[in-house]
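Dear colleague,

I am passing on the structure we spoke about, and would be glad if you kept it open while you read. My notes on what was found in it come after it.

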Amino acid sequence: MTHNVTQFNIPGSLGNVRFLYNEDWKRCVATERMTLYNEILCTLCGIWNADDRDHCIEPSESGFCGYCETGWYGDDCNDQCLNCNTGGCNQTTGICQQCAPGYYSANCSIPCPLQCRESYGNVILCDRESGRCSEGCKPTWWGSTCENRCSNSCRNSICLYRDGSCHLGCEDGLTGKYCNKTCSIGCGNSTCYPNGACVGHCNIGYYGQSCDRICSDKCIARDCVLKNNTELPVCTEGCVGGWQPPSCDVSCKANCTACNVSGACLSCEWGYWGIYCESQCSRCLNNSCSIDGNCTGCRDEWYGSQCSRACPKQCSRCRQNGGACITCHEGDVGDQGQCVSASTSWRTVTCATVIPILVVAAVVVFVVVFLKYRRKKTAGHVVLDNTTIGPELHSEL
């Protein structure tokens, strides 16, 4: 662009000052820095525009401004730099040396995201090319340009601006890095940490750090707890019948209704006894006995604490303690608990002693009768068993 310029040489006390009159600009421009005379001399040109003149620092004979004040650009320095910092802009293109706080892009025309965290001086700074927030995001926002809202699941809706993770924890009942998972239903008060571990105790029926493991139905009331960092839980109230503590995950021996931690039986099914309920109460009345084998009563013909001893043969039933007859196969029960014949007056004689006495008596009678017979046959001597008995012994017989 060519400007129509007229030159004036006006003498002054400081020497001649050369002025240019620009027909296109309609103003006077001093070619030398003579500020004291500018206003006076330009008045002589007949036109003066102080506002258009003030932004040009280095005017030239061609009529273009050689150097503009900071913040202005263009041939006549009439165009103001937009959204530039104190460094101003390129005099020809108007592109900022650096954007003013709160703006980005090549020509600094795009505002930084409103969700950017404010820096010192309450100004917002962002990367000129990408618009990425230099100081991170305001609370409840995340992303490179803070374009994403934090999840309402985060406590107080606050998250890390880098990835949106809930670094202050989750609202009650939620867990996970992004609080997008629910706490285990086994957590007491339905509260847990971001890693899923329950805050406080587990509800009845659950165990584990996250209270997500179910207690065995072999636990009484299905209540259990982990102790001493073990893998298997301990049933708090013990085991249901037939299962071995402490975890109630192993059954007791057959016929064992309850057992201890070593597996020894504490009680047996009806009709069994022993450490492992391996023996039968076969001679006990109604098959009823304690775990150590003691019977509450005995079957007929047996007595003793475990009904292991037979009653006397004559007894059909005898007392459990001592074996005295209660009823007999034949006869009556004597005063001493013995069975005697109903036809004899020897009531104190037992059946076991009557027969031997009768046998001995019969032998004695036979011997006496035999000796008397031999004495009649022998005049002076009695021979017995090939032995000669003299008159002296004969007279004694």
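What follows goes from the whole chain to the disulfides, and then to a few individual residues.

Please keep in mind throughout that this is a predicted model, and that every value below was computed from it.

**The chain as a whole**

The protein has 397 residues, of which 33% count as buried, and its secondary structure consists of 4 helices and 29 strands. The surface that the protein exposes comes to about 24700 Å², with carbon and sulfur atoms supplying 52% of that area. If one takes the contacts in the protein that have a separation of 6 or more, residues 24 or more positions apart account for 13% of them.

**Disulfides**

How many disulfides does a search of the whole structure find? The search returns 26, and I describe three of them here.

One of these joins cysteine 215 to cysteine 224, with an S to S distance of 1.9 Å. The link between cysteine 215 and cysteine 224 is left-handed, with -85° about the S-S bond, and both cysteine 215 and cysteine 224 are buried.

Another disulfide connects cysteine 284 with cysteine 295, where the S to S distance is 1.7 Å. Cysteine 284 and cysteine 295 lie 11 residues apart, and each is placed in the loop between strand E21 (279-280) and strand E22 (302-303). Because the torsion about the S-S bond of cysteine 284 and cysteine 295 is about -45°, this disulfide is left-handed. As for accessibility, cysteine 284 has a relative value of 2% and therefore counts as buried, and cysteine 295, with a relative accessible area of 9%, is buried too; the cut-off applied in this reasoning is under 20% relative accessible area.

The third is formed by cysteine 328 and cysteine 339, whose sulfur atoms are 1.8 Å apart. This pair links distant parts of the chain, since cysteine 328 belongs to strand E25 (residues 325-328) and cysteine 339 to strand E27 (residues 339-340), the two being 11 residues apart. The torsion about the S-S bond of cysteine 328 and cysteine 339 is about -95°, so this disulfide is left-handed, and cysteine 328 and cysteine 339 are both buried.

**Surroundings of cysteine 56**

Cysteine 56 has its place in the loop between helix H2 (50-53) and strand E4 (72-73), and it counts as buried because its relative accessibility is 6%. When neighbours within four places in sequence are left aside, cysteine 56 is in contact with Cys65, Gly66, Tyr67 and Cys77. From cysteine 56 to glutamate 69 the sequence separation is 13 residues, and the C-alpha to C-alpha distance is 6.1 Å.

**Two buried polar residues**

Threonine 175 is found in strand E10 (residues 174-175), and with a relative accessibility of 7% it counts as buried. A polar atom of the threonine 175 side chain lies 3.1 Å from the backbone nitrogen of glycine 196. Beyond residues up to four places away in sequence, threonine 175 touches a number of others, including Cys170, Cys183, Cys192, Tyr193 and Gly196.

Serine 247 sits in the loop between strand E16 (243-244) and strand E17 (250-251). Is serine 247 buried or exposed? Its relative accessibility is 12%, so serine 247 counts as buried. The side chain of serine 247 has a polar atom 2.7 Å from the backbone oxygen of proline 233, and proline 233 is also among the residues that serine 247 touches, together with Cys219, Leu232 and Cys235, if residues up to four places away in sequence are not counted.

**Aromatic rings and charges**

The count of aromatic pairs comes to 0. There are, however, places where a charged end sits over a ring: that of lysine 253 lies over the ring of tyrosine 276, 5.9 Å from its centre, and that of arginine 283 lies over the ring of tryptophan 302, 3.9 Å from its centre.

With best regards

How values were computed: Residues are numbered from 1 along each chain as its sequence is written. This is a predicted model: local features need pLDDT of at least 70, side-chain atom pairs count only at pLDDT 80 or more; totals for chains, interfaces and linings use all residues. Side-chain values use heavy atoms; hydrogens and water are left out. A disulfide is a pair of cysteine sulfur atoms within 2.5 Å. Buried means under 20% relative accessible area, exposed over 50%, partly exposed in between (1.4 Å probe, protein chains only). Rings of Phe, Tyr and Trp (its six-membered ring) pair if their centres lie within 6.5 Å; planes under 30 degrees apart count as stacked, over 60 as edge-to-face and the rest as tilted. A charge sits over a ring if NZ of Lys or CZ of Arg is within 6 Å of the ring centre and within 35 degrees of the ring normal. Contact means heavy atoms within 4.5 Å. Accessible areas come from the Shrake-Rupley method with a 1.4 Å probe; for residues, only the protein chains shown count as cover. A polar contact is a pair of N or O atoms within 3.5 Å; within protein, one must be able to donate a hydrogen and the other to accept it, and residues adjacent in sequence count only if both atoms are side-chain atoms.
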